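Here is a friendly walk through a two-part model, with sheets, loops and a shared interface as the main stops. Keep the viewer open as you read.

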Amino acid sequence: MLEVRDIHSYYGGSHILHGVIMDLKEGELVCLLGRNGVGKSTTLKSIMGIVQPKQGSIRFNDKELIGSAPYQVARLGIGYVPEDRRIFRSLTVHENLLMGIKGRNKDNTGKNSWSIEQVYDLFPNLGKRRNNKGAHLSGGEQQMLTVSRTLMGNPRIILVDEPTEGLAPLVAKDVLDMLATVRKSGVTVLMVEQNFKLAVKVADRFYVMTKGQIVFEGDREALLAAEDVRKKYLEV
Amino acid sequence: MEILIFFLHGLGYAGLLFLVSAGLTLIFGMMNILNFAHAAMYMLGAYLSYSIMNHFTGQLWISLLICPVALFIIGALVQRFLLRPVHKLGHVHELLMTFGLAYIITELVQWYWGNYPLAVNVDGVLNSTVHVIGLTYPVYRIFIFLCAIVVGTLMALILYKTRLGIIIRAAVNDSEMVNALGVNVPLVFTGVFAFGTALSGFAGVIAAPLLSVFPGMAHEILIDAFVVIVVGGFGSLGGAVVASLIIGLLQSFGVLLIPQLSMALAYLLMVIVLIIKPSGLFGEESL
């Protein structure tokens with residue numbers, strides 16, 4: 001459903017992505033692994049249109065995305081959950097969720113359509129704190145809120161950037177469980193993660209990236225078997 | 001009694017300052033543009049009002065309807081065709097653009113309307129005085145304050161009770177994220193810029209009968225408006241309300257109590273606020 005073909009992206013003056021190739025099939029939970037600064041976040045931003053690739057092609061259900069503004073990409077059904085959570089700090093939990101509805105993908109109101117009440121049922125903590133300002137939530141709650149906010153737009157795919165960064169191990173596990181739940185509801189997930197050990201528990205398929213290129217693609221067994229890849233590109 | 005007069009004077013000026021700075025703080029908070037042309041738009045509103053009132057009709061309310069609409073259109077065009085193209089070049093380019101625009105507007109105003117002050121007269125109730133506990137006070141200054149209350153209330157209702165308001169407040173926090181959630185942020189930017197410009201023009205119409213109309217009027221209020229948004233906190237409507245009141249009263253009582261320092265008091269306050277709370281009284285800590 002999403003085909004990334006040979007994209008080259010630049011950040012400021014530097015050439016970050018050198019021909020990234022990726023595929024996402026409907027219903028998968030795919031994890032993009034790699035060390036800091038290899039271009040994982042830039043890959044997500046390029047799909048979203050926040051960074052515009054200078055070359056290559058990104059097709060979502062056969063529609064070219066390059067050249068579209070982020071709000072247009074979002075309205076096609078691609079949700080973005082950024083790094084560092086980036087909730088709207090001065091808005092309440094409820095208002096944050098309302099913001100997600102605004103850009104709702106109109107073609108996708110059927111099977112995987114989300115409502116605010118559903119989010120509160122699924123994550124009672126957010127329901128309890130609906131009138132609290134975003135700034136007053138804990139790190140884990142903020143992460144739940146960013147993911148939920150993006151779900152309110154009824155996306156077909158969500159791009160999640162380092163969801164467990166800076167969270168305590170137990171909270172990190174909760175967040176990944178949440179993503180597994182989201183996937184079960186029918187949403188395809190592409191997640192960037194540094195923590196290989198956590199990611200391997202939830203994802204179906206993995207890409208490993210270094211220096212702006214994909215150097216490994218495979219399922220859980222293949223990744224666990226490829227010791228050289230893990231040593232060279234993942235382990236510290 | 002004298003104190004009450006100065007208090008009312010302070011409120012009148014605070015009302016005017018709020019009308020100018022409310023739009024400015026939204027533009028600055030959302031788009032990060034230090035809009036130097038904002039006060040030039042205020043001046044343009046005042047001059048347009050002068051022409052409308054002296055050559056067309058003597059009615060203030062007609063100016064109050066026409067000028068904001070005209071300035072809204074001008075603001076939308078400026079944002080769409082001048083500011084948006086330079087946006088990706090960074091804040092400095094946007095700032096230089098508005099700076100240049102301010103000069104161009106000022107020159108055009110001088111060329112068309114001349115260099116000397118022009119009086120704008122209102123008649124009827126607005127030109128009369130009221131008697132408050134033994135004082136005689138001009139209705140017009142009270143009218144200014146009431147206008148500010150009405151505009152401020154409307155803005156608060158929009159910002160806190162509507163979907164559009166949620167989008168605007170979210171964009172003050174993080175406009176890139178709002179865009180990624182499917183909101184056409186460039187369009188919202190154009191709208192907010194145009195609205196802020198219209199508000200500034202509205203303030204110009206209101207200021208004209210009080211201060212008369214002259215090419216230096218933009219400069220005079222611009223500095224105070226910047227002090228208001230720095231003291232109040234970037235992008236905060238509540239901050240603009242409180243800071244306008246403080247600066248307005250400070251100017252007024254400064255003249256009464258320490259005339260030699262009255263010009264410096266606002267800046268002194270700004271310096272103190274910047275030292276103690278750099279994000280302004282109502283600004284986000286993270287800014």
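Two residues are in contact here if their C-beta atoms, placed from the backbone, lie within 7 Å. Please keep in mind that this is a predicted model. With that cut-off in hand, look at chain B: among its contacts between residues at least 6 apart in sequence, 76% join residues at least 24 apart.

**Chain B as a whole**

Chain B has ten helices and two strands. Its order along the sequence reads α-α-α-α-β-β-α-α-α-α-α-α. The radius of gyration of chain B is 19 Å, close to the 19 Å that the globule rule gives for 287 residues, so chain B is as compact as a globular protein of that length. Measured out along its principal axes, the C-alpha trace of chain B spans about 60 × 45 × 35 Å. Of the 287 residues in chain B, 49% are buried.

**The six-stranded sheet of chain A**

Turn now to chain A, where six strands form an open sheet in the order S6-S7-S8-S3-S9-S10, with mixed pairing. Its edge strands are S6 and S10 (213–219) of chain A, and each pairs on one side only. Neighbouring strands of this sheet are turned by 15° against each other on average, direction ignored.

Start at the S6 edge. In a regular strand the side chains alternate between the two faces of the sheet. In strand S6 (residues 78–81) of chain A, Ile78(A) and Tyr80(A) point one way while Gly79(A) and Val81(A) point the other, and all are buried. S6(A) runs parallel to strand S7 (residues 157–161) of chain A, and four bridges join the two. Tyr80(A) has Leu159(A) in S7(A) as its bridge partner. S7(A) in turn pairs in the parallel sense with strand S8 (residues 188–193) of chain A over five bridges, and Asp161(A) finds its bridge partner in Val192(A) of S8(A).

Helices cover this sheet too. Helix H1 (residues 40–48) of chain A lies across S3 (29–33), S6, S7, S8 and S9 (205–210) of chain A, and runs at about 150° to S7(A). H6(A) packs on the sheet as well, touching S6 and S7 of chain A, and its direction makes about 165° with that of S6(A).

**The four-stranded sheet of chain A**

Chain A also has an open sheet of four strands in the order S2-S1-S4-S5, with antiparallel pairing. Strand S2 (14–24) and strand S5 (63–64) of chain A stand at the edges with a single partner strand each, so one side of each has no neighbour in the sheet. Strand S1 (residues 2–11) of chain A and S2(A) run antiparallel and are joined by eight bridges. One place to spot this pairing is Val4(A), whose bridge partner in S2(A) is Met22(A).

**Three loop residues to find**

Each residue below sits in a loop, and the table sets out where and how crowded each one is.

| Residue | Loop | C-beta atoms within 10 Å | Class |
|---|---|---|---|
| Asn154(A) | between H6 (139–151) and S7 of chain A | 24 | buried |
| Ser212(B) | between H7 (185–211) and H8 (217–232) of chain B | 16 | partly exposed |
| Pro259(B) | between H9 (237–257) and H10 (262–276) of chain B | 9 | exposed |

The backbone is worth a glance here. Phi of Asn154(A) is near 50°, a positive value in a residue other than glycine. Ser212(B) has a positive phi of about 65°, although it is not a glycine. As for Pro259(B), its C-alpha atom is separated by 26 Å from that of Ala39(B), 220 residues apart along the chain.

**Core and interface**

In soluble globular proteins, nonpolar side chains tend to be buried together. The largest nonpolar core here has 162 residues, and those touching the most other members are Leu159(A), Val189(A), Leu19(B), Val20(B), Met43(B), Ala46(B) and Ala225(B). Leaving aside its neighbours within four places in sequence, Ala225(B) is in contact with Leu17(B), Val20(B), Ser21(B), Leu24(B), His38(B) and Ala39(B).

How many residues of chain B are in contact with chain A? There are 19, and they meet 22 residues of chain A. Helix H6 (residues 163–180) of chain B gives the largest share of the chain B side, twelve residues. That side divides into nine nonpolar, five polar and five charged residues.

Technical notes. Residues are numbered from 1 along each chain as its sequence is written. Chains are lettered from A and ligands numbered from 1 in the order in which they are written. This is a predicted model: local features need pLDDT of at least 70, side-chain atom pairs count only at pLDDT 80 or more; totals for chains, interfaces and linings use all residues. Two strands pair if DSSP finds at least two bridges between them. A residue is buried if 20 or more other C-beta atoms lie within 10 Å of its own, exposed if 12 or fewer, and partly exposed in between; C-beta atoms are placed from the backbone. The radius of gyration is taken over C-alpha atoms; the globule rule is 2.2 Å times the number of residues to the power 0.38. A nonpolar core is a set of buried Ala, Val, Leu, Ile, Met, Phe, Trp, Tyr and Cys residues joined through C-beta atoms within 7 Å. Ala, Val, Leu, Ile, Met, Phe, Trp, Tyr, Cys and Pro count as nonpolar, Asp, Glu, Lys and Arg as charged, and the others, Gly among them, as polar. Axes are lines fitted to C-alpha atoms, for helices over the stretch in contact, and angles run from 0 to 180 degrees between N-to-C directions.
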